[in-house]
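Biologist: I should like a close look at a single part of this structure, namely one place where two helices pack against each other. Please describe that contact in detail and then set it in the context of the chain.

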Amino acid sequence: MERILQLKDERGWTEYRLSEESGISQTTISSWFKKNIYPSIPSLMNICEAFHISLSEFFAFDNSPIVISDRQRELLDNWNKLTIEQQDIILKLLKSM
């Protein structure tokens with residue numbers, strides 16, 4: 001929650017603005033902060049999109065952006081299109097190499 005607060009404050013955003021930008025209800029965002037509840041991964045992805053950062057950048061320890069190559073992005077884009085079962089197969093293949 002601290003990271004979301006940090007990014008929100010850096011931009012001078014209110015909870016309302018974060019809600020508008022992320023498409024997540026203000027009530028939900030408010031309850032995260034009040035109850036110290038962590039958002040789900042899909043919600044976190046919406047938050048990252050609102051801040052125009054990647055999940056990698058969100059979790060970067062030193063706040064420096066993590067740059068990926070075009071080939072890495074292509075790999076990730078294709079990975080996201082796979083079913084869980086297909087991802088498991090790919091992971092097994094990679095581990096066997």
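Modeller: The account below begins with the chain, turns to the helix contact, and ends with the core and two loop residues.

The model is predicted. The chain contains seven helices and zero strands, and its elements follow one another from the N terminus as α-α-α-α-α-α-α. Its C-alpha atoms fill a box of roughly 45 × 25 × 20 Å along the principal axes. The radius of gyration of the chain is 16 Å, whereas a compact globule of 97 residues would have one near 13 Å. Of these 97 residues, 26% count as buried. Where contacts link residues at least 6 apart in sequence, 45% of them join residues at least 24 apart.

The part chosen for the close look is the contact of α2 with α4. Two packed helices are described by the angle between their axes and the distance between the axes. Here helix α2 covers residues 15-22 and helix α4 covers residues 41-51; their axes come within 8 Å and cross at roughly 100°. The two helices are therefore roughly perpendicular, as the crossing angle falls in the range of 65 to 115 degrees.

On the α2 side, the residues that take part are Leu18, Glu21 and Ser22, and they meet Asn46, Ile47, Ala50 and Phe51 of α4. By class, four residues of this contact are nonpolar, two are polar and one is charged.

Leu18, in helix α2, deserves particular attention. Its relative accessibility is 0%, so Leu18 counts as buried. Beyond residues up to four places away in sequence, Leu18 touches Ile47 and Phe51, and also Ile4, Lys8, Trp13 and Ile29. Trp32 follows Leu18 by 14 residues along the chain, and the C-alpha atoms of the two are separated by 13 Å.

On the α4 side, Phe51 is in contact with Leu18, and, with neighbours within four places in sequence left aside, also with Ile4, Leu7, Lys8, Arg11 and Trp13. Ile4, Lys8 and Trp13 thus appear among the contacts of Leu18 and among those of Phe51.

Helix α4 also holds Ser43. Ser43 counts as buried because its relative accessibility is 17%, which lies under the 20% limit. When residues up to four places away in sequence are not counted, Ser43 touches Ile24 and Trp32.

These helices may next be related to the nonpolar core. The largest such core has 16 residues, and those with the most contacts inside it are Ile4, Leu18, Ile47, Phe51 and Phe58. Helices α1 (2-11), α3 (26-35) and α4 each supply at least two of its residues. The largest share, five residues, comes from α4. Three of the residues with the most contacts inside this core, Leu18, Ile47 and Phe51, also take part in the contact of α2 with α4.

Two loop residues complete the description of the surroundings of α4. Most residues other than glycine have a negative phi. Asn36, in the loop between α3 and α4, has a positive phi of about 55° although it is not a glycine. Asn36 is partly exposed, with a relative accessible area of 49%. His52 is placed in the loop between α4 and α5 (55-59), and its phi is likewise positive, near 60°. With a relative accessibility of 71%, His52 counts as exposed.

Technical notes:
Residues are numbered from 1 along each chain as its sequence is written. This is a predicted model: local features need pLDDT of at least 70, side-chain atom pairs count only at pLDDT 80 or more; totals for chains, interfaces and linings use all residues. Side-chain values use heavy atoms; hydrogens and water are left out. Axes are lines fitted to C-alpha atoms, for helices over the stretch in contact, and angles run from 0 to 180 degrees between N-to-C directions. Helices (H or I, at least four residues) and strands (E, at least two) are DSSP runs, numbered from the N terminus. Angles under 35 degrees count as roughly parallel, over 145 as roughly antiparallel, 65 to 115 as roughly perpendicular and the rest as oblique. Contact means heavy atoms within 4.5 Å. Ala, Val, Leu, Ile, Met, Phe, Trp, Tyr, Cys and Pro count as nonpolar, Asp, Glu, Lys and Arg as charged, and the others, Gly among them, as polar. Buried means under 20% relative accessible area, exposed over 50%, partly exposed in between (1.4 Å probe, protein chains only). A nonpolar core is a set of buried Ala, Val, Leu, Ile, Met, Phe, Trp, Tyr and Cys residues joined through side-chain atoms within 4.5 Å. The radius of gyration is taken over C-alpha atoms; the globule rule is 2.2 Å times the number of residues to the power 0.38.
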